[in-house]
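Trainee: Could you take me through one part of this model closely, with the contacts and the accessibility values that go with it? I would like the reasoning spelled out as you go.

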Amino acid sequence: MKLLLSATTKYIMGLILVGVLLFLPAGSFAYINGWLFIGLLFIPMLILGIVLFCKSPGLLEKRLQAKEGENTQKAVVALSGLLFLAGFIIAGLDFRFGWSHMPLWIVITASVILLLSYALYAEVMRENAYLSRTIVVQENQKIVDTGLYGIVRHPMYAVTVWLFLAIPVVLGSWWSLLCFLPYIAVIAVRIHNEEKVLEAGLAGYREYKTRVKYRLIPFVW
């Protein structure tokens with residue numbers, strides 16, 4: 001019941017927060033792209049949350065824990081939060097004042113990318129039972145090197161980059177996209193620090209790095 005209450009509370013609070021950040025700057029509930037984004041994000045999130053609660057409550061509990069111990073990761077989380085705040089607010093203001101126009105076919109394409117990214121995100125969680133929102137080596141943790149982890153070392157971050165860059169496009173704002181673009185650099189810093197932690201505390205991680213050479217994008221980095 002404690003886990004259910006925590007998950008439900010965070011879900012509702014997240015929904016309210018996103019709604020306020022979008023519709024208050026937009027000055028209207030007629031912001032269709034805002035409703036589209038909320039549906040694309042929170043409906044799959046609800047389904048995934050129910051599945052995790054029923055099938056893997058331990059993983060759900062870890063995903064709800066967001067307090068970082070590493071100073072670098074604290075800074076990364078704070079900067080990510082600022083980028084998201086700016087991106088959502090600018091998207092709402094863009095709708096209100098008509099700063100940019102996003103063609104419908106681009107919005108639809110971004111919506112498909114967002115859903116596919118979320119599906120891959122769920123697959124990453126299925127593959128890795130140790131997946132946590134915070135950077136920490138868990139007791140008895142083992143290397144996962146199958147599936148997507150056999151292609152890149154950080155498939156969750158690879159998927160979230162696509163997901164997050166799709167968000168401002170779904171919201172119909174080129175200016176919001178500029179706010180989200182620095183997230184790529186933020187993720188690079190997070191990965192660099194995370195790998196130091198894993199090399200120091202997770203047995204076999206150095207060998208894993210020699211087998212799977214790319215962190216985020218195959219044949220690139």
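Mentor: Before the salt bridges, which are the part I would look at most closely, consider helix α5, bearing in mind that the model is a predicted one. Helix α5 covers residues 104-127, and its 24 residues, at 1.5 Å a residue, should span 34 Å, which agrees with the 35 Å between its end C-alpha atoms. The buried residues of α5 include I106, V107, A110, L114, Y118, Y121, V124 and M125, and E127 is also one of them.

Now to the charged contacts between helices α8 and α9. Side chains of opposite charge can pair when their charged atoms come close. A search of the whole structure finds five salt bridges, and R153, E195, E199, R206, K209 and R215 are linked in a network of such bridges. Within that network, the side chains of E195 and K209 meet with an N to O distance of 3.9 Å, which falls inside the 4 Å limit used for a salt bridge. Because E195 lies in helix α8 and K209 in helix α9 (residues 205-211), the pair ties together parts that are 14 residues apart in sequence. The two partners are covered to unlike degrees: E195 is buried, with a relative accessible area of 4%, whereas K209 counts as partly exposed at 23%.

K209 also forms a salt bridge with E199, and here the closest N and O atoms are 2.3 Å apart. That pair again links distant parts of the chain, with E199 in helix α8 and K209 in helix α9, ten residues apart. E199 in turn meets R206 in a salt bridge of 3.5 Å, taken from N to O. At 22% relative accessibility E199 counts as partly exposed, while R206, at 52%, counts as exposed.

Helix α8 takes part in aromatic contacts as well, through Y183. The structure holds 17 aromatic pairs. In one of them, the rings of Y11 and F42 have their centres 5.6 Å apart and their planes at 80°, so the pair is edge-to-face. Since Y11 lies in helix α1 (residues 2-26) and F42 in helix α2 (residues 32-55), that contact ties together parts 31 residues apart in sequence. Y11 is partly exposed, with a relative accessible area of 21%, and F42 is buried at 5%. The rings of F84 and Y183 are likewise edge-to-face, because their centres are 6.0 Å apart and their planes stand at 90°. This pair links F84 in helix α4 (residues 71-97) with Y183 in helix α8, 99 residues apart. F84 counts as buried at 17% relative accessibility, and Y183 is buried too, with a relative accessible area of 9%. Both rings belong to one aromatic cluster, which is formed by F37, F84, F88, F164, F180 and Y183.

Finally, there is the surface beside these elements to consider. F97, W99, W175, L178, L181 and I184 form a nonpolar patch there, with about 620 Å² of accessible area together. L181, one of its members, is found in the loop between α7 (174-180) and α8 (183-201), and at 38% relative accessibility L181 counts as partly exposed.

Methods. Residues are numbered from 1 along each chain as its sequence is written. This is a predicted model: local features need pLDDT of at least 70, side-chain atom pairs count only at pLDDT 80 or more; totals for chains, interfaces and linings use all residues. Side-chain values use heavy atoms; hydrogens and water are left out. Patches are made of residues with over 30% relative accessible area and no salt bridge: like charges are joined within 9 Å, nonpolar side chains (Val, Leu, Ile, Met, Phe, Trp, Tyr) within 5 Å. Accessible areas come from the Shrake-Rupley method with a 1.4 Å probe; for residues, only the protein chains shown count as cover. Helices (H or I, at least four residues) and strands (E, at least two) are DSSP runs, numbered from the N terminus. Buried means under 20% relative accessible area, exposed over 50%, partly exposed in between (1.4 Å probe, protein chains only). The expected span of a helix is 1.5 Å times one less than its number of residues. Rings of Phe, Tyr and Trp (its six-membered ring) pair if their centres lie within 6.5 Å; planes under 30 degrees apart count as stacked, over 60 as edge-to-face and the rest as tilted.
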